Amino acid sequence: MAVMSRIGEKVAPLSRQRALGIFYAVVGFLILILFSRDVQAGDLATLGLNTPRSIEWVKLPDLVLPVLPTVWVLGLITIGLGSYQALRGFQKTGWLLGVVSLAFLSTFLVWAARAGSFSLIGILSASLQLATPILLGALSGVLCERAGVVNIAIEGMMLGAAFTSVLVANVTGDIMLGLAAALATGALLAAWHAVMAIEFKMDQIISGTVINIFATGLTNFLNQRVMQVYQNLNNEMTFPYISQVFPDLAKIPIVGPLLFDQTPIVWLALILLVVIQVALFRTRWGLRTRAVGEHPRAADTLGINVFRVRYTNVILGGMVAGLGGAYFTLGSVGRFDKQMTNGRGFIALAAMIFGNWTPVGSFASSLIFGFTDALQVKLQILIGKVNIPSEFLLMLPYIVTMVVLAGVVGRVMMPAADGQPYKKQ
Amino acid sequence: MAPLLELDSITKQFPGVLANDHISLTLEHGEIHALLGENGAGKTTLMNILYGLYHPDEGKILVRGKEVRISSPDQAIHLGIGMVHQHFMLIPPFTVTENVMLGEEKLKNGVFLDRAAVAERIRAISEQYGLQVDPELRIRDLSVGAQQRVEIVKILYRQADILILDEPTAVLTPEEVEDLFRIIRGLVKRGVSIIFISHKLKEVMAIADRITVLRGGRVVGTTRPAETNSAALARMMVGREVILTVDKKPAEPGDVVLDVENLQVLNDRKQVAVDGVSFQVRAGEILGIAGVQGNGQTELVEALTGLRGITGGRTRILGKETTKATPRQILETGVAHVPEDRQRDGLVLSFPVADNLVLNTYYLPPIATGIVMHRGPILAEAEELVERFDIRTPSVEVPAANLSGGNQQKVIVAREFSRPIKLLIASQPTRGLDVGSIEYIHRQLVERRDNGCAVLLVSPELDEIMSLSDRIAVMYRGKIMDILPAEKATREQVGLLMAGVSA
Ligand SMILES: Nc1ncnc2c1ncn2[C@@H]1O[C@H](COP(=O)(O)OP(=O)(O)O)[C@@H](O)[C@H]1O
Ligand SMILES: [Mg+2]
């Protein structure tokens, strides 16, 4: 064992960390170049810390920043950090990516708001809100895939759950029953997927696709034949925002409008995020789940029931996706609309992959996706001033996530047995 | 006192194979009982039955004199039975601690994993049995030998006193085998009884108290090392006289076929793995490359066959420059390659045997015209090769994965040898094979040589190198230490070179 393959170290390739440093420095230059265009000396950017609703509770002064100095300071800091990373290298680099992305986004916002104003809290609050269904979908994916079952049916599960939640809430007049129906629908569709994938060892992509098609078709049909005909089955039913129940919480500056002027489903999602993150890495359930997703046969030889773990996780995942579905209705507009999930289930899968199959990572990428969504809306308002092609801005989060994947995370850690049916010998 | 473990008339039928045919076996307290048999003899099946992974069709199992039914691994674990599987059952991204505790987790506050406590237990066990296992490391960063020790710790953690080791030495270097034997003896002293599975005669003779030989799913006999010898055991195992030494005529070297000059190759981590290696192989000779695994042999062979880029120096085959050639170009100059990992690099396991047999000629007539492949000629070709190379398979249409290791190797040999070849590069061609298959492969290599083929044989098995080679090159840390004529080389000399000590 004395002679392992660590023989010569003569050829030192340009390391990934170094390349990353260069990339960050380039981002710094981009900040300087892109965001000093069309700026007059003395331009001020006004970033609002209120939302139209929060003004009723407490009014904060706006954040007023001189555009050019901000761009220069943040740009130079980014270049400095990048160069240091390229030449010397930091010990840990995760935070660096955060700082660089933050610098880029801040300068972009300051630049977009030049000679105008822009509600910062508004966009952050909207980002969190829009990230919620993506996060729930991604958590559902984490639960399933960590146990080795690929679930591309999250979209269908969310859609189905969105439908039943409205229907049941209207029929019973009880919104909690609507929520229960959403969870049950997710669980039921997941159980179907589980039986196909685990019991009958069907191709999991096919099984998931079948569920997606089924959910789309059936909800379209029922929407047309039931919801449109009996309009009072599709009345608006939503959970009250936390700010409506606890008005005092909403009065906390910044945090209030950001976190509490939200539907409770946002909070459920955040709680689930913490619970699943901790459970996955610190409890027996988590250890066994990951073992089954990595090497089911090894788990089997230690007396772990692979099938039971997979069934449990897929069904739990279905319930989480169901909660995500309820977000679209009970947590948002209150009524069902055809194909209202609009591909969020698939974005959620991307968020899960970008998040490297971890809840926290999924959350980070959900936030990026949510932020882009929110930005898109704002950009339409600011469109005159932002004359870089909006397509480029929309690509940004994907570029960032790709860099995260390639550089910081380094290797994708997909569960080794993901998507492979387990056969007992 | 009743034996610790008694298997009585165990029978297991797989579709088409009677894997275990009324096998009876006892294990006494504190005994090392070796189970010897060729690949496919039914050893693993028998142990999987004992461990609750398979259910026997007939027969009963008694543990400490009491009849038990073992229908799942956790029942076996409960009875104090632990098994180190032939293919390790470890989860690469997990730490040692996580692997050990899996299935038998220690918790604090009733919810959270108590990694610290388990790590402490592992250190204690590791200390007590001299296992040298660091609980914090991840499995994927460990050497094969260390992984095996983790498997043993897993079993000791569960306080098993019956330890099954299924072909534990197949993946180890000679030094690691010595380590393992020391550990096994230590375990026995502390009251663990061991079933040691192997097909290697020497090892069984060295470690076992009793030896039971299996052949074709049946017990051929039980004996003790003192009452037998390697030749007799080999006869029991194979069922006929076995020639343990290879007899070959002196080599008649011809022209240079492979010419390697100052070759430099990097490994996957971009470090220098082959460092300025030069040698030649002539027609009609076998050049053996000895060396402990991981000294650059893998990278060398990959570079020679075009599978890995060359960063310095040059290679020529039959005078033609091949430094930058693709695998197919190299193959078409008349090179045959028997890869180190036959399941990964040698076969497409899910393909039928027939398709595997034409992997290197599938694009040529008569098998293909243009882009169309013809099933008829493929099958005809395959049938002929199966016949000629004596490949034991139910049909040429079954997936290669269904064949035993020896027969999988024969598929590769058949495919590679059936063309007119000038150079044969064989990397660990007998790894994990049974005596019968080893004998067969060795005969094939010598026959190729006698037909004027240049043979490059890479093997960490010193015996194999010594008995087959005409010249022996020893690799150490990416360099060739020396090249010796075989008739002058001694085991000791080569062994020292393998450890980096030059004469
Ligand atoms: N799961 C299985 N299904 C069908 N046949 C099997 C299975 N496992 C083993 N066999 C067959 O049973 C025989 C004995 O195999 P095995 O116990 O693995 O032998 P050994 O461990 O002695 O090499 C072989 O012919 C093998 O092909
Ligand atoms: Mg075996």
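Is Gln86(B) buried, partly exposed or exposed, and what is its relative accessibility? The points below, which concern a predicted model, begin with that residue.

1. Gln86(B) counts as partly exposed, its relative accessibility being 29%. Thr44(B) falls in the partly exposed class as well, with a relative accessible area of 27%. Both values lie between the limits of 20% and 50% that bound this class.

2. These two residues are the protein donors of the magnesium ion (ligand 2). Thr44(B) contributes OG1 and Gln86(B) contributes OE1, at 2.0 to 2.5 Å from the ion. The pair joins distant parts of the chain, 42 residues apart: Thr44(B) belongs to helix α1 (residues 43–50) of chain B, whereas Gln86(B) sits in the loop between β6 (81–84) and α3 (96–101) of chain B.

3. Thr44(B) also belongs to the surroundings of ligand 1. Other residues around this ligand include Phe14(B), Val17(B), Ala19(B), Glu38(B), Asn39(B), Lys43(B), Thr45(B) and Tyr54(B). By class, the shell is made up of five nonpolar, five polar and two charged residues.

4. Within chain B, β2 (17–27) and α1 each provide at least two residues of the shell around ligand 1. The largest share, three residues, is supplied by α1(B).

5. Several polar contacts to oxygen atoms of ligand 1 deserve inspection. For Lys43(B), a backbone N or O atom is 2.8 Å from an oxygen atom of the ligand. For Thr44(B), an N or O atom of the side chain lies 2.6 Å from a ligand oxygen. For Thr45(B), a polar side-chain atom is found 2.5 Å from an oxygen atom of ligand 1. The protein covers 69% of the 560 Å² of accessible area that ligand 1 has on its own.

6. Turning to the cysteines, Cys144(A) has a relative accessible area of 0% and is therefore buried. Cys453(B) is likewise classed as buried, because its relative accessible area is 2%, and the class takes in values under 20%. The number of disulfides over all chains is zero, where a pair of cysteine sulfur atoms would have to lie within 2.5 Å.

7. In chain A, Gly141(A) is part of helix α4 (residues 120–146). With a relative accessible area of 0%, Gly141(A) is buried. Its separation from Asp43(A) is 98 residues in sequence and 46 Å in space, taken from C-alpha to C-alpha.

Terms used. Residues are numbered from 1 along each chain as its sequence is written. Chains are lettered from A and ligands numbered from 1 in the order in which they are written. This is a predicted model: local features need pLDDT of at least 70, side-chain atom pairs count only at pLDDT 80 or more; totals for chains, interfaces and linings use all residues. Side-chain values use heavy atoms; hydrogens and water are left out. Buried means under 20% relative accessible area, exposed over 50%, partly exposed in between (1.4 Å probe, protein chains only). Donors are N, O and S atoms within 2.8 Å of the metal (3.2 Å for Na, K and Ca); water is not among the atoms, so sites may look incomplete. Helices (H or I, at least four residues) and strands (E, at least two) are DSSP runs, numbered from the N terminus. A residue is near a molecule or strand if one of its heavy atoms lies within 4 Å of it. A polar contact is a pair of N or O atoms within 3.5 Å; within protein, one must be able to donate a hydrogen and the other to accept it, and residues adjacent in sequence count only if both atoms are side-chain atoms. Accessible areas come from the Shrake-Rupley method with a 1.4 Å probe; for residues, only the protein chains shown count as cover. Ala, Val, Leu, Ile, Met, Phe, Trp, Tyr, Cys and Pro count as nonpolar, Asp, Glu, Lys and Arg as charged, and the others, Gly among them, as polar.
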